Amino acid sequence: MAPSPKPAILFVCLGNICRSPTAEGVFRQLLRNEGVEGDFEVDSAGTGGWHAGASPDPRMAAAAAAMGFTLSGQARQVTADDYDRFDHILAMDRDNLETLLSRAPAHRHHKIRLFREHDPENPGEDTPDPYYGGPEGFQEVVRIAERTARRLLHELRSSA
Ligand code: 4NP
């Protein structure tokens with residue numbers, strides 16, 4: 001597929017049912033709030049394909065909804081085409097980052113970085129995997145996604 005004519009952002013976690021759909025949903029909401037949803041292409045994917053076709057995890061969707069964010073879409077695995085199509089490929093943790101770097105051609109590595117490089121509170125941290133934990137882990141993912149996506153959007157708009 002041809003590269004997108006607008007800045008294209010892909011959020012990536014392991015399963016694409018918890019963390020990356022949250023980052024995607026929060027980022028989309030921020031775009032809507034600012035009236036610029038047409039200016040970016042946004043998607044999310046997983047390094048693993050086990051949950052392909054699944055909706056966001058209901059525990060994650062509930063935590064997001066409680067904070068005003070709607071999660072949507074079906075899980076999919078990252079494809080080779082994604083490294084061409086997206087301009088910013090943002091990994092939710094270091095495992096995801098290393099997997100992406102190990103699979104992407106070297107000339108695409110500059111697009112791949114950690115989502116939380118943009119976190120204004122704790123830059124460079126992993127987004128903890130909430131899958132095997134309790135509700136507070138899901139709430140924490142939404143809080144991280146909200147402040148980090150907000151800063152990310154600001155940075156993307158000021159560099160455009
Ligand atoms: P995600 O969370 O990577 O944030 O979507 C996970 C989803 C599923 C599994 C692990 C993490 N799993 O082991 O199935």
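**Close-up views of a predicted model**

**View 1. The largest pocket and the residues that line it.** The largest pocket in this structure, which is a predicted model, has a volume of about 180 Å³. Its lining includes a group of residues with low numbers, namely Cys 13, Leu 14, Gly 15, Ile 17, Cys 18 and Arg 19, and it is completed by Trp 50, His 51, Asp 129, Pro 130, Tyr 131 and Tyr 132. Sorted by class, the residues around the largest pocket are eight nonpolar, two polar and two charged.

**View 2. Two tyrosines of the pocket lining, Tyr 131 and Tyr 132, with Arg 59 over the face of Tyr 131.** Arg 59 is placed over the ring face of Tyr 131, at 5.2 Å from the ring centre. Tyr 131 counts as partly exposed because its relative accessibility is 28%, a value that lies between the 20% limit for buried and the 50% limit for exposed. Tyr 132, by contrast, has a relative accessibility of 77% and therefore counts as exposed.

**View 3. Aromatic pairs, with Phe 11 and Phe 115 as one example.** A search of the whole structure gives four aromatic pairs. Phe 11 and Phe 115 form an edge-to-face pair, with 5.7 Å from centre to centre and an angle of 85° between the planes. This pair links distant parts of the chain, since Phe 11 belongs to strand β1 (residues 8-13) while Phe 115 sits in the loop between β4 (112-114) and α5 (135-159), 104 residues apart. Phe 11 and Phe 115 are both buried. Another edge-to-face pair is made by Tyr 131 and Tyr 132, whose centres are 4.9 Å apart and whose planes stand at 90°. Phe 11 and Phe 115 also belong, together with Phe 27 and Phe 40, to one aromatic cluster.

**View 4. Val 26 in helix α1 and the residues that it touches.** Val 26 is part of helix α1, which covers residues 19-34. With a relative accessibility of 0%, Val 26 counts as buried, because buried means under 20%. When residues up to four places away in sequence are not counted, Val 26 touches Phe 69, Ala 145, Glu 146 and Ala 149. For a sense of distance within the model, Val 26 and Asn 96 are 70 residues apart in sequence, and their C-alpha atoms are 20 Å apart in space.

Notes:
Residues are numbered from 1 along each chain as its sequence is written. This is a predicted model: local features need pLDDT of at least 70, side-chain atom pairs count only at pLDDT 80 or more; totals for chains, interfaces and linings use all residues. Side-chain values use heavy atoms; hydrogens and water are left out. On a 1 Å grid over the protein atoms alone, a cavity is a set of points where a 1.4 Å probe fits but cannot get out, and a pocket is an open set with protein on both sides within 12 Å along at least five of seven lines; lining residues have an atom within 4 Å of a point. Grid points are joined across faces, edges and corners, and a volume is the space filled by probe spheres set on the points. Ala, Val, Leu, Ile, Met, Phe, Trp, Tyr, Cys and Pro count as nonpolar, Asp, Glu, Lys and Arg as charged, and the others, Gly among them, as polar. Rings of Phe, Tyr and Trp (its six-membered ring) pair if their centres lie within 6.5 Å; planes under 30 degrees apart count as stacked, over 60 as edge-to-face and the rest as tilted. Helices (H or I, at least four residues) and strands (E, at least two) are DSSP runs, numbered from the N terminus. Buried means under 20% relative accessible area, exposed over 50%, partly exposed in between (1.4 Å probe, protein chains only). A charge sits over a ring if NZ of Lys or CZ of Arg is within 6 Å of the ring centre and within 35 degrees of the ring normal. Contact means heavy atoms within 4.5 Å.
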